[in-house]
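Let's take a walk through this structure together, one piece at a time. Keep the 3D view open and follow along as the names come up.

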Amino acid sequence: MQHFTHPPLKNGILKWKVITSILLVVIPILLFAQTKPISGIVKDENGNGVPYVTVTLKDGSLATRTDSAGRFSISAAPGSVLVLSAVSYEKSQLTVGSKSQYVITLKSLTSQLGEVLVIGYGTQKKSDLTGSVSRVKGEDLKLLPTQRVDQALQGRAPGVSVQNTDGSPGGNTVIRIRGSNSINGDNSALIVIDGLQGGNLNSLNPNDISSIEILKDASATAIYGSQGANGVILVTTKLGKQGKAVINYTFDGSVANLNNKPKLLNAADYAREINKVRLAQNGNGAQPQPIFSDAEIAAFQQNGGTDWVDQVYRPAYTQNHQLSVSGGSEKVSYLLSGAYLNQEGILINSAYDRYSIRGNFRAEIAKWVSFGANLSTSKEKSNSALFGGSINYPANPVIAAPRFSPTIPVYDSVGNYSAAALRYANPTLWNPVASAKEPIINNGTIHNNINAYLEFKLLEGLTLKITGGAILTNIDDYSFYNNKTFTGLAKNGSGNIFADNNTYFQNSNILTYDKTINKSHFTITAVAEQKYTKDFNSTINASDFAVQQTGVFDVGGANTVTTASSSSERVINSYLGRINYIFDNKYLFTASIRADGSSVFGSDNKWGYFPSGSVAWRASEEHFIKDLHIFSDLKFRVSYGVTGNQAINPYQTLAHISSGFNYPYDGTDVSNLGYSITSTANPKLKWEKTAQTDAGLDMSIFNGRLEFTFDYYNKLTTDLLLPRVLPSYSGLSSILDNVGSIRNRGIEFSISGNPFVGKFSWNTGLTFSANRAKVIDLGGVDRIGFASGGFGGQSVNSVFMYLVKGQPYGEMIGYGYKGVWKTSEAADAAKYGQLPGDPHYDDLNGDGIINSKDEKVIGNSTPKFIFGWTNKFTYSNFDLSFLIQGSKGNSIFDISRIALESPGGTSADLLNRWSPSNQNSSIPAIIDQATRAASGLVSTVKIPGSSANRTSRWVEDGSYARLKNITLGYNLPAAISQRFHVNNLRVYVSATNLITITKYKGSDPEVSSYTGNDAQFGSDFGTYPQSKIFNVGLNVSL
Amino acid sequence: MRNLNLFTKKTGFQLVAILILLSSCKKLQEEPKSVITPNNFYTTTTQIQSAYTASMSLLWSRNQGYSAYMDDFNQDDQIVRGDLNISENYGAELWAAHYSALLNINTAIKALKKGLVGVDQGQIDDLMGQGKFLRAFNYFMLVRIFGGVPLITEDTPDPVNVKMARSTVQQVYDQIISDFTDAIAKLPVTRSADMRGLPTRDAAKGLLAKAYLTMATFPLNKPENYAKAAEMAGEVIDSANYSLVPDISTLFSVANQYGPEMMWSFNSNAQNQGPDPRIWSDMRGFGDICAEPTWEQAYPKQPRKDAFIETTLNGVLYYDLGDYWPGVKKFQYDAPADFAAGRSVVSMPIIRFADVLLIFAEADNMAKGAPSQKAVDAINRVIDRANGHVINSEDPLATTSMTMAEFDNKVIMERDYELCFEIDRWFDLIRKHILKQESLPDYQINFSDNDYLWPIPTNDIQVDPLLTQNPGY
């Protein structure tokens, strides 16, 4: 690039305006700038000429091929870029200079096996791996308009399930590696960012990422001992490369819209529905009058009503800016980056903001000492009205909006929020616009990650790396509900302040010895590590505000203030060792052991030991395989190891007396403080233990054009921390004990390939994961129920999610719903005291009574398999990428539908309700009380009221396949961009959630309203819906 | 860069050694700062009281205990929506709440026996009296709901390894009598205004009278206890420490929350609201406690009915509104704004003077075989007030000319009306063994003799093989 004679960068930028204004004129001229013939020869690493190499001008205007000796000739202007591509060789670029003859060496693709992967406490050549490790490269993430790293992992690695359980800005993502091992413990993978354990993916700027490695089998994860059972995600951030500094700027803008608007009744149809319900109340000779007159209905028909869904959702705009500078010299390299994300949510008054700054630095200070530091800070702020199933439903705008009567305007005649219609609708339902708009909610988090290291090369092959790191997290949440809100009115203003200060320190001292003796290669790693976490938090709850204007910002204005605080500490001291032994590049062995001493374990079990071992055979290095000339890699792997899960919280092994049991025992206005015994000590308590066996195969054929990885695994988790049920006469319900067991077995594979290379290239990859989880033991009880039924009002208050001993994980248990009794089945219906049009339940035991004995499995929340299919096409300067991902075989219990489809509901499906002339509907008829009384039937449907809707009527197939993302990009031809001092300029358009194929009737199949525990997964109630997003973006690097 | 020469290879090796030795400078033993363990608690008067406070909180606070699970008693004939279809695990929450309360009470009693440093004997006696009173009350609820239950006093056995069997109903009552008797000896006769919610001697006597009365009836059926019940209740009446609130419509007002009629209750205040007030006012059954229309229609027309039951919504009678039920007005006497906003403070009576009068009337009549003048006077005080101190043919006064059975019926009926929705009717139906005959026709389909006891919680049956289940579950 020396041939540029333009002034320095700064002036170049100043000239931009002028340049862009005449761009249209200049481009054609540039394209025909003076060209000259050049020739060259393409060789491989051994110096032999490579035939059939496609040689293209980067702007795509010309192309040719090398001859049998590897020679080519082409016309090109100085400064233009030639792209050389050939099957089984890495792509190469050449900038045309003043010379007319060139020699280019292409690297064989098989050398990708020499790719170095990050593993726990070290790195390893991909070819030397004996465990199951998946890698996602930073540049793959970059092709998509990604704002969040966790979401970007979806569909990209086999065995890794990523689920966006809600669609809120900054919302929740659940990542599971090879299923869920634990019931009460956390099932999230350990996140390690640049060696610092316990990081947060959300706070990362995706552009800063160099690579993400996912450790899956025990051979890879056992090195993380008592934190490794759920897999490990290793994130490595970027450092600058030697050479000129690179400035990179990315802009992404998007607009999001509600993805799947529920189909609801219009005001006139709703009024008719209400009348129908009212007129049916004619029992005991009553003669009810319709609520709405014909004139009123006609008026609704004419003028329409309120579309509450439109009232609470909006098109939401997002902007995302990322700027980085990176570079380095022989001894120093650096990266500085900053990013700002400003995301609106589609629910009014919801948003997410993130500022992040990173500085990475590495320097060699002497031949044998180098040091480095990774510093990053992020500030996140999110606000949204509360949503999800755990929120008291009247106050949840997501639930209330589709349910609220369309016959009511948003504001009443004096401009106040309208209340629910007392006479015909659920009177507790709160105006959804008020519920969304009025609360002041702020959830703020600041993460500071500080990580520094010194690395000593002590002897040939012996290095010592001393790292010191800290993660400092500050949470600062507050909320205020005024009297226009459900919560606020009940408490005359309700405010909450929560502050949490969490500090984590980690010191790891890593000694690595690397040695080759003849055909033997050893790598020995020994680590001493100590970690310390301290948490201190405080809460203020204030209510009964004399002054609502200042609200939570001056809790002095509240008559009732309650405060709480708590503090905890956690210490983990660890020693670990690992040895890799490779003989003749064919036989690979790895063994590791880690000892973890943890303060949270019971006093009888302070130390845990986690061993692993694995072997691999690189068959492709054997002569008889080599001679086949098919495999560039063929490796068989087997591993076994034990990992743990520290599901215990600090002090959980001790007996507790807890505050908060206050009561006006004295009989005065101020309650007495009550302290209750809430648990008894268990000094034996220890980690959950997962023993995992893995057998895998890595294969690469056609010189790396097609790669295939397959793994089978079998994980048995024992010593699960479960509340061991105590007789409740002991005054305690349970004691935490290591009792349960769960098994996860599965297969996963990925196929990736490059069917086309050259001017038109296609890179494609498929990942497939099938996991089967089974509950082996629950410690003396046959099943454990998990509340996931919503907060009153839906008649599913009783539990329907269960873990059942001997059965698959995630069973839904309830009553079978077989539709509606048809007129032709009147006689059968009468046996149950039902009329045609009444619901038809499955009488499992045929005893003529529908009661708890007829409960059965009505669904399962875990998918049979999940998959992801990534594709990248490039043609000339265009690139097109898309990701299709999905899930098959999981059920969703759609609680949201219950109220919509019940009598007096708002679902458009009610128009298709059963009637004598519409026999095939699954929505029961409204049978008037007089008709029912006249029939003289006595119902034998004895489903308790609280379980009335715990039926398969609301269970749906949650399988889906979706075009998660599609992106079309265009790179400005280098020949042009370089004239403006721009190395690369890419513009793109992109769409997220464009097409979803599913039978699921709810808003989105990728949902879970209850995520506190994996066993609660699979129900949909009032969750922030997903959106369809369109992006435009720009990436410039200078 | 010169300075870097300080790092020689030798110092490098020293570093390794130091680091490995320095590792684990933090200890693995936990020393919690924000957690209290039983070893360092129950050493002061306040801490003992905090255990009692917690025991009551477990039984009466929002979403806890009777505040949340009162609708379990809808199998009676007062509360709407029962069906006598008593399922497995019915009432388990109340069982658990009582035993959690007992764990705290027993632990406090044990600590009291060891003595408190620097606390005078009078105060220790009062605290001990409260502990015994609370323990007796908890067992009295348990034995009536579940029958014979595991009897735990003081030391709670190791919950993992020790299994317990159920004591007999008689054994549980023996403990109740012993505890109430001890409480009567130790509790003061009156309480100062700042301690008006604490139990008194007469509250203990009233509850002991109720316990004797229950022992005289089903399931023990030991009539010799009638006289004891009458004696206890008579002592409360004669001592005149408590009296009826003359105007029935102010009985449940905040002003009368603690006396002169209220003797001991589940207390509510602004910080500890009991149930959401909507459960009393909502006449559509979103709240759980509405009145059975048939029961409402049978209720004698009198000022008491107007004070206790709400039959209109915005001026329209509930049965003209379609799916509406009568509301429970007796617990709506808080300031209307507070009530509407769900901030109402309503206490739930456990023993009040009207109850004592009716206990006396019933026990005296049954002990003597005929209504005495004193028994007639006792019940008539309640009836007279219910009628607004006028003669009312819908609810006539009792007379000594009534037979024992007639008078007994009258008392039970009066209890039904006077103590409605106070978690009392169910126990009358049980102890008088009239569940089937008093049930609504709809419920009777599902009636069985096993309905007289609720099931022992499934959980306890599963983990403790020594526990026997009540018949029919």
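What follows goes from the confidence scores to the contact between the chains, and then to two sheets and a single residue.

Before anything else, keep in mind that this is a predicted model. For the complex, the predictor reports an ipTM of 0.92 and a pTM of 0.78. Chain B has an average pLDDT of 89, and 93% of the residues reach at least 70. One stretch to be careful with is residues 1-7 of chain B, where pLDDT stays under 50. For that stretch the model has five contacts beyond four places in sequence. As a rule, coordinates predicted with low pLDDT should not be read in detail.

Now look at where the two chains meet. On one side there are 74 residues of chain B, and they are in contact with 67 residues of chain A. Which elements of chain B give two or more residues to the side that touches chain A? They are α1 (9-22), α2 (45-59), β1 (60-61), α4 (92-114) and α19 (458-463) of chain B. The largest share of that side comes from α2(B), with nine residues. As for the kinds of residue on the side of chain B that touches chain A, 37 are nonpolar, 26 are polar and 11 are charged.

Let's move over to chain A. This chain is divided into domain 1 (35-107), domain 2 (112-251) and domain 3 (814-1008). If you want a feel for the spacing, the C-alpha centres of domain 1 and domain 2 of chain A lie 36 Å apart.

Our next stop is a sheet in chain A. It is an open sheet of five strands in the order β10-β15-β16-β13-β14, and the pairing is mixed. At its edges stand β10 and β14 (196-197) of chain A; each has a single partner strand, so one side of each is left without a neighbour in the sheet.

You can follow the order strand by strand. Start with β10 (residues 133-137) of chain A, which pairs with β15(A) in the antiparallel sense over five bridges. Here A:Ser134 has A:Ile214 in β15(A) as its bridge partner. Is β15 (residues 209-215) of chain A mostly covered or mostly open? Mostly covered: six of its seven residues are buried. On the way to the next strand, β15(A) and β16 (residues 232-237) of chain A are antiparallel too, with six bridges between them. A:Ile214 turns up again here, with A:Ile233 in β16(A) as its bridge partner. Then comes the parallel part: four bridges join β13 (residues 190-193) of chain A to β16(A). In that pairing, A:Val192 is matched with A:Leu234 in β16(A).

Further along chain A there is another sheet to explore. This open sheet has four strands in the order β36-β37-β38-β41, with antiparallel pairing. Its edge strands are β36 (783-786) and β41 (855-860) of chain A, and each pairs on one side only. On average, neighbouring strands of this sheet are turned by 40 degrees against each other, direction ignored.

Inside this sheet, β37 (residues 801-804) and β38 (residues 811-815) of chain A run antiparallel and are joined by two bridges. A:Tyr802 has A:Glu811 in β38(A) as its bridge partner, while A:Met801 stands opposite A:Met812 in β38(A). The hairpin of β37(A) and β38(A) has six residues between the strands, and in this hairpin A:Gly806 takes a positive phi near 85 degrees. On to the next pairing: β38(A) and β41(A) run antiparallel, joined by five bridges. One of the pairs to look for is A:Ile813 with its bridge partner A:Val857 in β41(A). Like some strands you may click on, β38(A) is mostly covered, as four of its five residues are buried.

Last, let's pick out a single residue, A:Leu462. You'll find A:Leu462 in strand β23 (residues 462-481) of chain A. Why does A:Leu462 count as partly exposed? Because 17 other C-beta atoms lie within 10 Å, while a buried residue would need 20 or more and an exposed one 12 or fewer. Now jump 441 residues along the chain to A:Pro903: the C-alpha atoms of A:Leu462 and A:Pro903 are separated by 75 Å.

Note on methods
Residues numbered from 1 in each chain as written. Chains lettered and ligands numbered in written order. Predicted model: local features only at pLDDT ≥ 70, side-chain atom pairs only at ≥ 80, totals over all residues. Contact = placed C-beta atoms within 7 Å. Nonpolar A, V, L, I, M, F, W, Y, C, P; charged D, E, K, R; others polar. Pairing = 2+ DSSP bridges. Axes fitted to C-alpha atoms, helices over the stretch in contact; angles between N-to-C directions. pLDDT = per-residue confidence, 0-100. Domains from an automatic or database assignment.
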